[in-house]
Amino acid sequence: MIAADVIVKCLEEEGVTHVFGYPGVAICPFYNSILNSEIKTVLVRTEQNAAHAASGVARMTDRPGVCAVTSGPGATNIITGIATAFADSIPLVVLTGQVNSELLGSDVFQEADITGAVESFVKYSYLVRDAAEIPRIIKEAFYIANSGRKGPVLIDLPIDVQNTPVKSFKYPDSVQLRTYKPTIRGNAVQIKKVVKELNRAKHPIICAGGGVLLARADDELRAFVERHKIPVVSTMMGIGVMPTEDPYYFGMVGNNGKPYANRAMNEADLIIMVGARVADRAISQPDLITRDKVLVHIDVDPAEIGKNAVSSIPLVGDADKVIEELMEQEIDGDYADWVRTLTSYKEAYKPNKYGRKGYVDPAIFVRKLSLAMEDDAVYVADVGQNQIWSCANVQMRSGKFLTSGGMGTMGYSIPAAMGAKIAAPDRQVVAVCGDGSFQMSMMELATCNQHGVPAKIVVIRNGYLGMVREYQHYTYKDNYSVVSLDGSPDLAKLSAAYDFTYLKLAKDKDIDAKIDAFLKEEGSVLMEVIVDPLDLVK
Amino acid sequence: MKIKRIYSVTVENRSGVLSKVSGLFARRCFNIDSLAVGETDDKLVSNMTIVSSGDERTLEQIEKQLNKKLDVIKVKTFTEQECISRELMLMKVKYNKGNRQEIMEMCELMNASIVDMSLHHMMIQICDTPEKIQLMIRMFKSISIVECARTGTLALQKCLESEGN
């Protein structure tokens, strides 16, 4: 037995089913050992997508997604994927091969200081110098990645360490980390303060972020909202916490959110932020919005509280536990008038009309697509105008909405959807991207084919990097710079090349029929949706 | 308003920890006024004394972000009044017959000592509060400093009766 076998055994102990990656010499001992395991390997076509695919797995399963790539360019290529996971607090365990320990620091072939390079995008990283430490390190890595505020952990494995002969294997039962003890339960005194504020408040609002979903606290939150009839808005990462049609849900906040959601935040006298960073796209002026209100900030990461907005009542803890604790409290506020007011704002809202005649209206398309999808389907939105149209119009029931919210990494949707489908083969998974983001990840169509993963991909095509074009429209008076996607491939031919069924939706009147055909297709299918090149999200 | 704060940070004595901590300051645009690192009585543990300044919110963020680092065991923060702080400086100065006596008198006044000497140079050592070190530099600017090296501030919280046994 060599250390690489030990690594594989550790992954088995952690219940890992799939490893996404790309081999190279420096990680070959591991990829040789994994042949003797039930764990399946998925060869992505570029390393960044290994991290996105693993992110899809993590978001579907509650467990860290796992990637394994080689040293040097393999390791540096995966950094964007790691950073994407870090920004959205997605648990990953990333194994990177490394050159021989004795050569470390001498700039030999395919050597990169990956632990140094990735430091600001990981929760923790290890450079393994002693094979005997592998079980402890892997045990710790999974624990760190998937507890507290979740995130990626990287383990750098020099090839000689992987090849070290090992006599026996024992996986530790527990971790001993004196420096890491995340606070899970909310402080009882702070909980009481929240209750007092809820009793006093006339216009409370809950703003739910991705942390609610990461803590699997969506059911608790829905129950809490239903019991006390408190209105809820969400951030982009919080989409799916509440069903879209729930009478207490008032949409996504932020500069790309619903005006009535932002109005609800502005007119509230008490904001309860749960698992949200208060980042600029959601709350552009945190100091203004909290000036005349009480802000309760619930987050598992104490550093998020008070970072972007000064909170009146900080409450550190896991959203799941904190809401459970809040459920045990007597709260006698009556917010019926406030809910009526917000409902009237919502009803008065007139959605944007998109598209000139002869193009598909992306808002109608997203709405109809998500309504036609199964109740618990997974909608994976990419980044760009397609993301904003998706966020604004997706109709959530009990499904999931996955996207790269924090980092805004183009090309996320196809590999993430592939990972989600692998993790949950019985669920309907649809990736919606633009023609820009599609071309950043279209090589993964081959990965889907190779591993028998039926993919459903929508490409909203406008021939532009639409989000940037829109910015240039407003900021530079239509002086477009480097946003045209001329030269893009014929998607019908491309689909044929990859053996995907191809559908083209070019007219509003065909929306229902094409969506129906798209969703009914059993194999992999790509639907091109032609929207007005000059459409704006605002 | 800019406030000065001292962070006494105990960390795991592992390679790369210093760069993780200093990288955190650089990345989040926190100031480092001074940084001193060394092993403690436990060779598995190092202590970093970091002096920083900023508004109250920034100073709070520094503490929280330091606490997030998995190699950080404990973060203590205090104001200058709450701790004893010391800095060590070695300073090489050029002297001549005319000012030798003056230098020696100044060293005596400042509680500094001359630790090395050649025909034209002497090395002075001073261990004192950061303010005194600053003053020492000012005093010797007129005499001609050849070079000097400072440790950065080391600080520990003052001994309190409430600390117990």
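These questions and answers look at how a few descriptions of this predicted model are justified.

Q: Why is Ser89(A) called buried or exposed?
A: Ser89(A) has 24 other C-beta atoms within 10 Å, and a residue counts as buried if 20 or more other C-beta atoms lie within that distance. Ser89(A) is therefore called buried, and its place is in the loop between α5 (79-87) and β4 (92-98) of chain A.

Q: Why is Asp499(A) called buried or exposed?
A: Asp499(A) has 11 C-beta neighbours inside 10 Å, and the label exposed is given at 12 or fewer. Asp499(A) therefore counts as exposed, and it lies in the loop between α22 (491-497) and β17 (501-505) of chain A.

Q: What makes the phi of Ser89(A) and of Asp499(A) worth pointing out?
A: Ser89(A) has a positive phi of about 55° although it is not a glycine. Asp499(A), which is not a glycine either, has a positive phi of about 65°.

Q: How do you know that domain 2 of chain A and domain 3 of chain A are in contact?
A: Two residues are in contact if their C-beta atoms lie within 7 Å, and by that test nine residues of domain 2 of chain A are in contact with eleven residues of domain 3 of chain A. The centres of these two domains, taken over C-alpha atoms, are separated by 30 Å.

Q: What makes up the side of domain 2 of chain A that touches domain 3 of chain A?
A: Sorted by class, the residues on that side of domain 2 of chain A are five nonpolar, four polar and no charged.

Q: How do you know that domain 1 of chain B and domain 2 of chain B are in contact, and which element gives the largest share on the side of domain 1?
A: With the 7 Å cut-off between C-beta atoms, seven residues of domain 1 of chain B are in contact with five residues of domain 2 of chain B. On the side of domain 1 of chain B that touches domain 2 of chain B, the largest share, three residues, comes from β2(B), while the residues of that side divide into four nonpolar, three polar and no charged.

Q: Which residues does Ile82(A) touch, and what is its place in the largest nonpolar core?
A: Not counting residues up to four places away in sequence, Ile82(A) touches residues including Ala51(A), Leu92(A), Phe121(A) and Leu154(A). Of the 180 residues in the largest nonpolar core, Ile82(A) is one of those that touch the most other members, along with Cys67(A), Leu92(A), Cys207(A) and Val380(A).

Key. Residues are numbered from 1 along each chain as its sequence is written. Chains are lettered from A and ligands numbered from 1 in the order in which they are written. This is a predicted model: local features need pLDDT of at least 70, side-chain atom pairs count only at pLDDT 80 or more; totals for chains, interfaces and linings use all residues. Domain bounds come from an automatic or database domain assignment. Ala, Val, Leu, Ile, Met, Phe, Trp, Tyr, Cys and Pro count as nonpolar, Asp, Glu, Lys and Arg as charged, and the others, Gly among them, as polar. A nonpolar core is a set of buried Ala, Val, Leu, Ile, Met, Phe, Trp, Tyr and Cys residues joined through C-beta atoms within 7 Å. Helices (H or I, at least four residues) and strands (E, at least two) are DSSP runs, numbered from the N terminus.
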